[in-house]
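I opened the notebook to look up the ligand site first. Strand pairing and backbone oddities come after that.

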Amino acid sequence: MPQPLDLPQGFRWGVSTAAYQIEGAVDEDGRGPSIWDTFAARPGAVRDGHTGAVACDHYHRYPEDVALMQGLGLDGYRFSIAWPRIRPTGAGPANPAGLDFYDRLVDGLLEAGITPLPTLFHWDLPQALEDGGGWLARDTAYRFAEYTALVADRLGDRVPAWITLNEPFVHMVYGYAMGIHAPGRALMLDALPAAHHQLLGHGLAAAVLRERGLDVMIANNLTPVRPASSSEADQAAATAYDALHNRLFTDPILLGHYPDLSAFGVGPDLGGSVRDGDLKLIAATPLDGLGVNYYNPTRIAAPTDPGLPFAEAPIEGVPRTAFDWPVVPDGLRELLTGLRDRYGAALPPVTITENGCSVADEPAADGTVSDPDRIAYLAGHLDALAAAVAEGVDVRGYFTWSLLDNFEWAEGYHQRFGLVHVDFETQRRTPKASYAWYRDLIAAHRAVREG
Ligand code: FCB
């Protein structure tokens, strides 16, 4: 039986998912194509040609999935809303059938005693908006705010808090700079307008939510950056990388200005995309919570390639996940205390909105799935979270990635992150050992909470 950790009163336990990774039903009920449908159809873009066309078929099986969540005893569920279900062509009135799906999901969650925590954009941009430039176009930020209003008007009576964007850093770098995610553009530093326009979209959507009395969050992918050595060159490289990965998407919202990107040869107008008043707008609606997605720290050395002011260096001597990501639980404590030190009073309460690991899980002959590595990963990271709380960081919740094995972007169905195993041939769901462990951990905390 897992022992309860020393966590603040009201600490919330959850799981996270994202629309394109679980829903499937890409052609149903008027959903328009997204950039991920287009990208996944491109030969060689996704491992083994996998696509999200069916994924976990959650669009049809959501009652079963909500029952699995209820079985965990969750306080909250973070999911994302598929923008192309709501606005199939990126503009114009809402598609009622798209809104109806999330309406049913929200009601199902509430009946199960679970608070919905939707993310408005988890990378599945309507293809029609990509055709107009995607996030390189300023216009996309305004379309995002309109879409936010359509969804908030329908669900805001039952959904108290909202996440605007998921990991704008990863979307910009993988999608626009390197081309390994949708929309598959490889623009390197010319991708930076996609940072500014996502942040502008955040600011505009945040105002829309706040006008309706709703709480606003963002989910940023953050990583503690460690210089590969104490040499000046490695330290300067680490500072440059930290500005790009961590500060670029957090400083404007919390502090109202961009970090120094001069090491990249980039000025404060981010490639000419920043207009007067934009930064004021981005920071105007204070966050009610900062969502932190943490997977691993990053080790950075002086550049080897003249195009960039840093090079990534391997982290040796630690366990690795099936994705080959290093497992460094204390990195979460380091990250959280670092955020507190950096932002001080400007740091809102933090919720861990993603944390988890991929394991090559397969059912044994008796049908059970044993995943001790995932349990160790989660337990280690929760200890680190509790250590950060003990050091005074205000952390309000933990949402593990993920409920179900799902479509892991460019890796297709190869990386399994779920507490629940999914057989993608039959759609059979099998709770893994980590599911029972997480359920018992939540129950242990509930017992403490209820005295
Ligand atoms: C994060 C994404 C999420 C999932 C995990 C493993 O970067 O937000 O959708 O793919 O990684």
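Before placing the ligand I fixed my terms: a pocket is an open set of grid points with protein on both sides within 12 Å along at least five of seven lines, and a molecule sits in it if more than half of its atoms lie within 2 Å of its grid points. I also noted that this is a predicted model.

**Entry 1: the ligand site**

I asked where the ligand sits. By that test the ligand sits in the largest pocket.

Next I listed the surroundings. I found Q21, H122, W123, N166, E167, Y295, E354, W401, E408, W409 and F417 around the ligand. I sorted this shell by character and got 5 nonpolar, 3 polar and 3 charged residues.

Then I looked up polar distances to ligand oxygen atoms. For Q21, an N or O atom of the side chain lies 2.7 Å from an oxygen atom of the ligand. For W409, the corresponding distance from a side-chain N or O atom to a ligand oxygen is 2.9 Å. For E354, I read 3.0 Å between a side-chain N or O atom and an oxygen atom of the ligand. I then checked how much of the ligand is covered: taken alone it exposes 300 Å², and the protein buries 96% of that.

**Entry 2: strands 6, 8 and 9**

I followed strand 8, residues 298-301, to its partners. Strand 6, residues 225-227, pairs with strand 8 in the parallel sense, over 3 bridges. Here I found R226 bridged to R299 of strand 8.

Strand 9, residues 311-313, also pairs with strand 8, and this pairing is antiparallel, again over 3 bridges. I300 has E312 of strand 9 as its bridge partner.

**Entry 3: strands 12 and 13**

I moved on to strand 12, residues 420-423. Strand 12 runs antiparallel to strand 13, residues 428-431, and 4 bridges join them. V420 stands opposite P431 of strand 13.

The two strands form a hairpin with 4 residues between them. In that hairpin I noted Q427, which takes a positive phi near 65°.

**Entry 4: backbone exceptions**

I kept the general rule in mind: most residues other than glycine have a negative phi, and most peptide bonds are trans. I then looked for departures.

Which peptide bond that ends at a proline is cis? I found the one from A182 to P183, with omega near 5°. P183 lies in the loop between helix 8 (168-177) and helix 9 (192-211).

I logged another cis bond from W401 to S402, with omega near 20°. S402 belongs to the loop between strand 11 (395-401) and strand 12. I had already met W401 among the residues surrounding the ligand.

Last, I checked D57. D57 is not a glycine, yet its phi is positive, at about 50°. I placed D57 in the loop between helix 2 (35-40) and helix 3 (58-72).

Note on methods: Residues numbered from 1 in each chain as written. Predicted model: local features only at pLDDT ≥ 70, side-chain atom pairs only at ≥ 80, totals over all residues. Heavy atoms only, no water. Near = heavy atom within 4 Å. Polar contact = N/O pair within 3.5 Å; in protein donor to acceptor, adjacent residues only side chain to side chain. Areas by Shrake-Rupley, 256 points an atom, 1.4 Å probe, with all protein chains shown as cover. 1 Å grid on protein atoms, 1.4 Å probe; cavity = no way out; pocket = protein on both sides within 12 Å on 5 of 7 lines; lining within 4 Å. Nonpolar A, V, L, I, M, F, W, Y, C, P; charged D, E, K, R; others polar. Pairing = 2+ DSSP bridges.
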